[in-house]
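I opened a fresh page for this protein today. I wanted to look up a few things and write them down as I went.

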Amino acid sequence: MNRNFALLTTVAAAGIIAGCTGSPNSSLNTSIGPRTRAERTGYLETSHYADVIAFLDSLKGRPELTFGSIGKTNEGRDLPYVIASRPRVSTPDEARALGRPIVYVQGNIHAGEVEGKEALLALLRDLTNARRPNALDSVVLIAVPIYNADGNERFAHQAENRGSQNGPEMVGVRANAQSLDLNRDYIKAEAPETRASLAMFNAWDPHVFVDLHTTDGSYHGYALTYAPPLNPAAPLAVWTRDSMMPVLRQRMQSRHGFPTFDYGDFIDDDTLSKGWVTFDSRPRFGTNYYGLRNGISILSEAYSHDPFERRVKSTYAFVQEILSLVAEQRAHVMQTPERARQVPIRSQMAAAPDPVGVVAEIVERTGDSTRTQPGVPRGRRRSGRFVTVKMPVYERFKPTLLAAVPGRYVIPQQDTAVVRVLRLHGIVVNEAGANPPSMELMGDGYVFMIDSTVTAARPFQGHREMRLTGKWRKENRPIAPGSFLVDTSQPLGLLAVYMLEPQSDDGLVDWNYFDPELKPGGLYPVFKLGGSPPTP
Ligand SMILES: [Zn+2]
C-alpha cells in the first residue's frame, strides 16, 4: 500500500522463517504446466508483461478458462483477464445463470508490489490442474493479474522503486504511465485502466473484489494484513469485517502457518502502545469503492519484509482461502443489501471496542551505515526478536456526516462531464423531459447554499481537492428540459449519492468536476428532488 509511516525503531514478524507449511492444499504445484518467472528463477525475478502473456497463452485450451482483455493501457498494452469456472463461462449471463458467487481478483495495481501477479498466475494453473473438485466448482473467478501493466514494465532496482521491500531485485513502479496512482482513481476514473475495470464491474457485477498489494515498511509480525471495505456507507462492510475476516485469519494460521492481522501501521514506532491504525475510508481506494457498489471487498497486503517467495505463498494461500470461504458463505455473499435512507458521506477513524495484542519486531541500530537486508534502512537491523503489545487498534470508521437520500438528483444540462463519469461507473442517468415527457417538470426538493469553498493547499493526483460548507434549503423548482436525472432507487443508487452529495469527502465536488459553478453565496448546481429533509 503506501502509507510511509515506516519505521525506524520497531518491529515485525513472528514467522520470519518462511515457507508455507501446513495443509497440502496450500502449496503451489509446479509439477504440471507452466512455471511463472518467479518460480523459474527461484524467486529472484518477477514476471515481465511478456512473461504474463506467455504464461496465460500456455494455459489456453484448458476447459475451465476463458481469456480476454479488460481494455488497453496508455501505452497500448492489453490488460488480460481470465475467467475460471467449471463449467466454463464466457459471458456475464452465463456466469449469472450458474447462480454462484463471482469473485474478481486483481494483482499489480501498484506494479512494484509483485506477488499478487505471481500468485494469481500460479493459482490459475493449479486450480485447473487439480483432479479433485475445488473452488472452480463453486465460484466464478475473474483474475486480472497485471492491472498496472505499464508500471510493471518500468523495471528498476527495488531499492529505487520499492524502498522498503525485501526483493526481488528488479521491480516496476507504483504509478501508471500518466503518473496516476490507480488506487486513488476509482472515483474520478481518469486512467484507462480504471475505466476498463469499471466496465468489467458493470458487465460482470462481481460479488467480491480482492485487491493484492504489499505493505510499505512497518515491521510487524504478520505474513499478510488485510482490510474489509472501510467506508461506513458500504452495506456489507461490517459483515465482511466481523464474519469473514476472523475465519480467514484463523484458517491462514491453522492451514498454512501464516499469521495475519488487520492492515495498519504503528502510530508511533517508539511507543507502540499508542496504537495500530488502518488507512482511509474514502472510495478513491478500490476496496472501499467496491463496498459502495454493494459488494464485498478485501484488501490483501503481503508483508514487504518477508522474502519474495514467502510473500507469493501467503498471497496465494489468502486468495485460495477467500475463494473457499466465499463458496461456503454464498448465501451471505450473494445477498442484496437493503437500501439506506441516509448515507454516511464523511467519517472518522475509530478503535475496535477492546485493545488487542499486536506483534512488532524490534529493529536495532547497527552503529554504522551498512545495509543489512534489502528494504531495511542503512544503519538498522532486524533483530528477530518480537514483542506483543496490547494497544488500541483503529480498524474502522464511524460516520461524521449523513446525507438524506433524495428520490432523484437533478444535474444541469451543461454538466456533461459529470454525466459522463457517472455513466462510466454504470450509474443510469436519464434526461428530463424525455422519459417520460413532462412528468418531472416541477418538484419539491432541496438546494445546497454554499457558504464557503475550500481548496486544498497542495495538489494531489493532479487536483486541488475541493470542499464545500453550507446548508440546505427547501425549494420548489422547475426542472429544465434537458436536465439529467439520477434515480437513487437504481442498483448503484448508493454510489450515486456518494458521488453527487456536495459535502461528500470523495465525490465529484472533491475532484473539481463542479469548480466553475461553485461560489460562496451561490448554489450547488445539483438539486435534490424528493426524499426527506437533508440533515443540517
Ligand atoms: Zn499497494
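My entries follow, by topic.

**Entry 1: the model.** I noted before anything else that this is a predicted model.

**Entry 2: the zinc ion.** I looked up which protein atoms are donors of the zinc ion. They are ND1 of His110, two OE atoms of Glu113 and ND1 of His213. These donors lie 2.1 to 2.6 Å from the zinc ion. I then checked how the donor residues are spaced in sequence, and wrote down H-x2-E-x99-H. Next came the angles among the four donor atoms, which run from 54 to 152°. Four donors count as tetrahedral if all angles lie between 85 and 135 degrees. I therefore entered the site as irregular.

Are histidine 110 and glutamate 113 buried or exposed? Histidine 110 has a relative accessible area of 1%, so I put it down as buried. Glutamate 113 is also at 1%, so it went down as buried too.

**Entry 3: a sheet of three strands.** I traced an open sheet with the strand order β12-β13-β18 and mixed pairing. β12 (265-266) and β18 (393-394) are the edge strands; each has a single partner strand, so one side of each has no neighbour in the sheet. β13 (residues 276-277) runs parallel to β18, and two bridges join them. Across that pairing, I found tryptophan 276 opposite valine 393 of β18.

**Entry 4: strand β20.** I followed β20 (residues 408-411) to its partners. Four bridges join β20 to β24 (residues 484-487), and the two run antiparallel. Three bridges join β20 to β25 (residues 527-529), again antiparallel. Which residues pair with arginine 408 in β24 and in β25? In β24, aspartate 487 stands opposite arginine 408. In β25, the bridge partner of arginine 408 is leucine 529.

**Entry 5: nonpolar cores.** I turned to the largest nonpolar core, which holds 122 residues. Leu422 and Leu508 touch the most other members of this core. Helix α10 (residues 308-328) gives the most to this core, with eleven residues. I listed the contacts of leucine 508, leaving aside neighbours within four places in sequence. They are Ile187, Val418, Val421, Leu422, Met499, Leu500, Tyr513 and Phe514. Another core, of eleven residues, lies apart from the largest one. Among its members are Val359, Ala360, Val389 and Val393. I had already met valine 393 in β18, opposite tryptophan 276.

Methods:
Residues are numbered from 1 along each chain as its sequence is written. This is a predicted model: local features need pLDDT of at least 70, side-chain atom pairs count only at pLDDT 80 or more; totals for chains, interfaces and linings use all residues. Side-chain values use heavy atoms; hydrogens and water are left out. Donors are N, O and S atoms within 2.8 Å of the metal (3.2 Å for Na, K and Ca); water is not among the atoms, so sites may look incomplete. Four donors count as tetrahedral if all angles lie between 85 and 135 degrees; four count as square planar and six as octahedral if opposite donors are over 155 degrees apart and all others between 65 and 115; anything else is irregular. Buried means under 20% relative accessible area, exposed over 50%, partly exposed in between (1.4 Å probe, protein chains only). Two strands pair if DSSP finds at least two bridges between them. A nonpolar core is a set of buried Ala, Val, Leu, Ile, Met, Phe, Trp, Tyr and Cys residues joined through side-chain atoms within 4.5 Å. Contact means heavy atoms within 4.5 Å.
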